[in-house]
Amino acid sequence: MTEPAYVAVDWGTSSFRLWLIDRAGQVLTERRSGEGMLAAAKAGFPAVLRSHLAAVEVPDHLPVLVCGMAGARTGWVEAGYVDTPAPLSAVLKQAVRVPGEVRDIRILPGVAQRDAKAPDVMRGEETQLLGALGLDAVGEALVCMPGTHSKWVRVKDGTVAHFSTFMTGELFSAVSRETILSLAVAGADDAEDVASFQAAVRAAYEAPAFAANLLFGARSRQLLFGGTPAAARETLSGTLIGVELAAGLSGSVPQAGVMLIASGRLAVLYRLAFEALSAAPRPIDADEAVRRGLSIAAAAIWTK
């Protein structure tokens, strides 16, 4: 039988993902739940982790490596930050051991940009970057990492030089549920309207200063010319993503182009968004990236 070597955990704000990994870096067992930082703060981080470890019968001696919001100030144990310019190798060296636990549990730090004009932080994405680029990355990379809080990161020779966070996903949720535009998207089904989405991406990319006006157009267009709730929803989504791309692509783009680290529905949406701008990013699966990043970190921490 394949022997397990360690447990890898990606602990986000609203999600929990655990993988039991063998010595060859292969996944033996996977568990997912909605017990992210917000839920775990109420139930207790140790209790949540132990319940998942017990469910897959993880031996008591196996270590656990965690990335993400469990290391935030409001998380389990604060893991701090590596300041930019931040070598990805430094993330491995500053892993924090959880005190009071018999099991060896380490939490990886995040990355902080202590720039008064552009302060920013990330947690979890640094591990995806490590998995996507490795420790020996050479050259410059521009990385797009979609999510509730999307990140655009410039990495040079394995060092995070600069990054920007965009609240694209959270804004979409708020705008589509808490504003008058909720009337336009009410009753939207799962049908895709690629044409409406890509048209909105192009319009916002070309005139990002008109973002608020373009968002309202989802309602006014529906009232004056008709259209489905799905088309209105795709217009909102396309507008917000188009504004993000306008900022993310405003600087120089490396010859290798943009690396897109995403999975699931977000991977599809952002691929369509780049396509609307006649661009073709290099896709990297986000789940594979974070698992590989945790694997690299585990090897550096526990392999003597």
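Reader: Hi! How much accessible surface does the protein chain have?
Author: In this predicted model, the accessible surface of the protein chain is about 14,500 Å². Carbon and sulfur atoms account for 54% of that surface.

Reader: Okay, and what share of the residues is buried?
Author: Of the 304 residues in the protein chain, 50% are buried.

Reader: New topic: how many helices and strands are there?
Author: The protein chain has eleven helices and 15 strands. Its radius of gyration is 21 Å, close to the 19 Å from the globule rule for 304 residues, so the chain is as compact as a globular protein of that length.

Reader: And what does the C-alpha trace span along its principal axes?
Author: About 65 × 40 × 40 Å.

Reader: Cool. Now, which way do α4 and α11 lie, parallel or perpendicular to each other?
Author: Their axes cross at roughly 90 degrees, and angles of 65 to 115 degrees count as roughly perpendicular, so that is what we call α4 and α11. Helix α4 covers residues 125-133 and helix α11 covers residues 286-302, and their axes come within 7 Å.

Reader: Which residues in α4 meet α11 there?
Author: From α4 they are Thr127, Gln128, Leu130, Gly131 and Ala132. Their partners in α11 include Ala289, Val290, Arg292 and Ile296.

Reader: How do the residues of that contact divide into nonpolar, polar and charged?
Author: The contact of α4 with α11 has eight nonpolar residues, four polar and one charged.

Reader: Last one! Looking at contacts with a separation of 6 or more, what share comes from residues 24 or more positions apart?
Author: In the protein chain, that share is 64%.

Definitions and conventions: Residues are numbered from 1 along each chain as its sequence is written. This is a predicted model: local features need pLDDT of at least 70, side-chain atom pairs count only at pLDDT 80 or more; totals for chains, interfaces and linings use all residues. Side-chain values use heavy atoms; hydrogens and water are left out. Axes are lines fitted to C-alpha atoms, for helices over the stretch in contact, and angles run from 0 to 180 degrees between N-to-C directions. Helices (H or I, at least four residues) and strands (E, at least two) are DSSP runs, numbered from the N terminus. Angles under 35 degrees count as roughly parallel, over 145 as roughly antiparallel, 65 to 115 as roughly perpendicular and the rest as oblique. Contact means heavy atoms within 4.5 Å. Ala, Val, Leu, Ile, Met, Phe, Trp, Tyr, Cys and Pro count as nonpolar, Asp, Glu, Lys and Arg as charged, and the others, Gly among them, as polar. The radius of gyration is taken over C-alpha atoms; the globule rule is 2.2 Å times the number of residues to the power 0.38. Buried means under 20% relative accessible area, exposed over 50%, partly exposed in between (1.4 Å probe, protein chains only). Accessible areas come from the Shrake-Rupley method with a 1.4 Å probe; for residues, only the protein chains shown count as cover.
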